[in-house]
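Student: Got a minute to go through this one with me? I'd like to talk about strands and surface.
Tutor: Sure. Put it up and ask away.
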Amino acid sequence: TATSVARGRVIVCAVDHWMTDSLTYRAPEIVHLNPPYRWLQGVQAVLNHYFASFNPIIVDPPGLGVTCCCFTDDPRRMLVGLFNNDLFANYQGTVQLRLGTPQSVRSTLRDQELNARSVLPVTISAGDVEVLELKW
C-alpha cells in the first residue's frame with residue numbers, strides 16, 4: 001500500500017505467506033545461484049509500481065529491464081537501455097516516453113533510425129539488449 005502523508009509517502013508492505021518457499025529456476029544448471037524466496041515477489045509487486053512512477057519511460061507489457069541516461073549538457077536527449085533478462089523468450093511490446101513524442105529515435109547498437117512516434121514498438125530477443133537514443 002502506498003499512501004501520501006503530509007509532504008511524503010508511506011509504503012507498507014506485508015507479505016503474509018510463502019516466506020520460506022524458494023523459487024525454482026527453469027534451467028538451474030546455467031544459473032549457479034541459490035534461488036530467491038517467494039515473498040520477494042510480493043515486495044517487488046509493491047515497490048515496482050512505486051519506482052516505475054519515476055521512470056521517464058513506460059514499457060508495456062512489463063518484462064524488460066530499463067536504464068535511462070539523461071545528459072545535463074543536452075536536456076532533450078536521453079539514452080534508454082532495454083534488456084531482456086529472460087533467456088528463453090523474446091520480448092515484444094512497446095516503449096513510450098512520458099515527456100511527449102520524440103523528434104527522433106535511433107537504435108545505437110544497430111546504427112539505425114527508427115520512426116519517431118509516441119509509442120514505439122520493440123522486439124528484443126531472449127537475453128539481448130537494445131539501446132535507444134531519444135531526442136525531443
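Student: Where is the place of Val-5?
Tutor: Val-5 sits in strand E1, residues 2–5. Keep in mind that this is a predicted model.
Student: Is Val-5 buried, exposed or partly exposed?
Tutor: Partly exposed, because its relative accessibility is 44%, and partly exposed covers the range between under 20% and over 50%.
Student: Which residues make the nonpolar surface patch with Val-5?
Tutor: Val-10 and Val-12 join Val-5 there. The patch is about 230 Å².
Student: Switching to sheets. What is the order of the five strands in the open sheet?
Tutor: E4-E5-E10-E7-E8, with antiparallel pairing.
Student: Which strands stand at the edges?
Tutor: E4 (65–71) and E8 (112–114). Each has a single partner strand, so one side of each lacks a neighbour in the sheet.
Student: And how are neighbouring strands turned against each other?
Tutor: By 25° on average, ignoring direction.
Student: How many bridges join E4 to E5?
Tutor: Seven, and the two strands run antiparallel. E5 spans residues 74–83. One of its residues, Phe-83, is the bridge partner of Gly-65.
Student: What about the three strands, in what order do they form a sheet?
Tutor: E3-E6-E9, an open sheet, again paired antiparallel. E3 (57–60) and E9 (119–124) are the edge strands, each with a single partner, so one side of each has no neighbour in the sheet. Neighbouring strands here are turned by 30° on average, direction ignored.
Student: How many bridges pair E3 and E6?
Tutor: Four, in the antiparallel sense. E6 covers residues 91–97.
Student: Which residue in E6 is the bridge partner of Val-59?
Tutor: Val-95.

Notes: Residues are numbered from 1 along each chain as its sequence is written. This is a predicted model: local features need pLDDT of at least 70, side-chain atom pairs count only at pLDDT 80 or more; totals for chains, interfaces and linings use all residues. Side-chain values use heavy atoms; hydrogens and water are left out. Two strands pair if DSSP finds at least two bridges between them. Axes are lines fitted to C-alpha atoms, for helices over the stretch in contact, and angles run from 0 to 180 degrees between N-to-C directions. Patches are made of residues with over 30% relative accessible area and no salt bridge: like charges are joined within 9 Å, nonpolar side chains (Val, Leu, Ile, Met, Phe, Trp, Tyr) within 5 Å. Accessible areas come from the Shrake-Rupley method with a 1.4 Å probe; for residues, only the protein chains shown count as cover. A salt bridge is a side-chain nitrogen of Lys or Arg within 4 Å of a carboxyl oxygen of Asp or Glu. Buried means under 20% relative accessible area, exposed over 50%, partly exposed in between (1.4 Å probe, protein chains only).
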